[in-house]
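Thanks for coming. I will take a few minutes to walk through one structure, which should come up on the screen now.

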Amino acid sequence: MRAALMERGRIWVDDVPDPSPRPGEVVVKSVACGICGSDLHAARHTDEFVATSIEAGGAFKLTTFDPVVLGHEYCAEVMESNARFRAGQLVCAVPVLPRGPNVPVGYAPEAPGGFAQYMLLSERLLVPVPAGLDAELAALTEPMAVGLHAVNMARLSGREAIIVIGAGPVGLAVTANLVSVGAAPVVVAEFSPKRRELAEAMGADIVLDPREADPYATNEVGRRDEVVIFECVGVPGMIDGIFLRAPRRARIVVVGVCLEMDHARPLIAVNKELNVQYVLGYDMAEFEGTLKRIADGGLDVGPVITHSVGLGEVAGAFDALGEPDAYGKVIVQPWLEHG
């Protein structure tokens, strides 16, 4: 099969062996797969990603410098009928193969991700795509489930003002889910005009450029006694900066993944009695619920998608995504072309 491989930031298309399933696994045809910010991190900061994964463990890991086929935000087509699924049926799945130690799909050589024509998935983790839902929209189930989990972990009461720092893929997923559950007001701070435009399309109440306006000083935030801040950038200095600017007793939900050594001054957080919650991933109920909400229109994800590319264009898309004004969410269609 054809696949886009990544090795320490270099991305190229090549022939790789077709996957061979173990008991409980199924071969699927990758139909649509989003490029995640984590994929960009893995390519740009491979050494740090591998070192941290080996040291800390957990499900979110890349532990090899060998070539891997990235892609964990996918919608796929079942190739052969079985007791639960028919051939040709569209499915999504949590990106892991339970093989004793779990194998992360898209981050291990033995589990190629959605930037390949075929994949291996765990049958018990497959979720059928509701009839009529476009595969590109279904592929956003995984990143939107991340946003839902972050919102759930914030334990909102409805009395808070919300500030979302960053409107990249993570920030947009958080914003979409906040709007979906009726949280308001939602203030999004983002440097990029393109991303601000996408945040507005996702339903944010206020979208601003933090170079021109202070998200912590808007009237909507000032009127609330409780403030929840979602950090969705994941670069060094962001958490410490939020500590400095956050109002007293604010709740901070860290969703952005920083792969570099960072620092934050605890005394600032102590003085303000800040509450900091780190979040990762989602559970199965959140994943299934997200797919259902995308299908029934409760979660409007269409505005996020700006480009679809074939395998031969993946490397260029990674480069373009380094410039935040170029693209929104990019969907890879492995069968679009064979370059």
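**Salt bridges, a sheet and a buried lysine**

Let me start with one residue: R159 is exposed, at 53% relative accessibility. The cut-offs are these: buried is under 20% relative accessible area, exposed is over 50%, and partly exposed lies in between, with a 1.4 Å probe and protein chains only.

Before going on, a word on the source. This is a predicted model, in which local features need pLDDT of at least 70 and side-chain atom pairs count only at pLDDT 80 or more, while totals for chains, interfaces and linings use all residues. Residues are numbered from 1 along each chain as its sequence is written, and side-chain values use heavy atoms, with hydrogens and water left out.

Back to R159. Which residue forms a salt bridge with R159? The partner is E226, and the closest N and O atoms are 3.0 Å apart. By salt bridge I mean a side-chain nitrogen of Lys or Arg within 4 Å of a carboxyl oxygen of Asp or Glu. E226 lies in strand β13 and R159 in the loop between α4 and β10, so the pair ties together parts that are 67 residues apart in sequence. Helices (H or I, at least four residues) and strands (E, at least two) are DSSP runs, numbered from the N terminus. E226 itself is partly exposed, at 23% relative accessibility.

The structure holds 15 salt bridges. Another one joins the side chains of R2 and D15, at 3.4 Å from N to O. Here R2 sits in strand β1 and D15 in strand β2, so the pair links parts that are 13 residues apart in sequence. R2 is partly exposed at 21%, and D15 is exposed at 51%.

Now the sheet. It is open, has 6 strands in the order β12-β11-β10-β13-β14-β15, and its pairing is parallel. Two strands pair if DSSP finds at least two bridges between them. The edge strands, β12 and β15, each pair on one side only. On average, neighbouring strands of this sheet are turned by 20 degrees against each other, direction ignored. Axes are lines fitted to C-alpha atoms, for helices over the stretch in contact, and angles run from 0 to 180 degrees between N-to-C directions.

Helix α5 packs on the sheet and touches β10, β11 and β13; its direction makes about 160 degrees with that of β10. Contact means heavy atoms within 4.5 Å. Helix α8 lies across β10, β13, β14 and β15, and runs at about 165 degrees to β13. Within the sheet, 4 bridges join β13 to β14, and F230 stands opposite V253 in β14.

Helix α8 also carries D240, which meets R265, in the loop between β14 and α9, so the pair ties together parts that are 25 residues apart in sequence. This salt bridge is 2.6 Å, N to O. D240 is buried at 6%, whereas R265 is partly exposed at 40%.

Last, K272, in helix α9. How far away is the nearest side chain of opposite charge? That side chain is D240, 9.8 Å from K272, which is buried yet has no salt bridge. For charge, Lys and Arg count as positive and Asp and Glu as negative; His and the chain ends are not counted. The side chain of K272 does reach the backbone oxygen of F243 at 2.8 Å, and that of A246 at 2.7 Å.

Technical notes
Polar contact = N/O pair within 3.5 Å; in protein donor to acceptor, adjacent residues only side chain to side chain.
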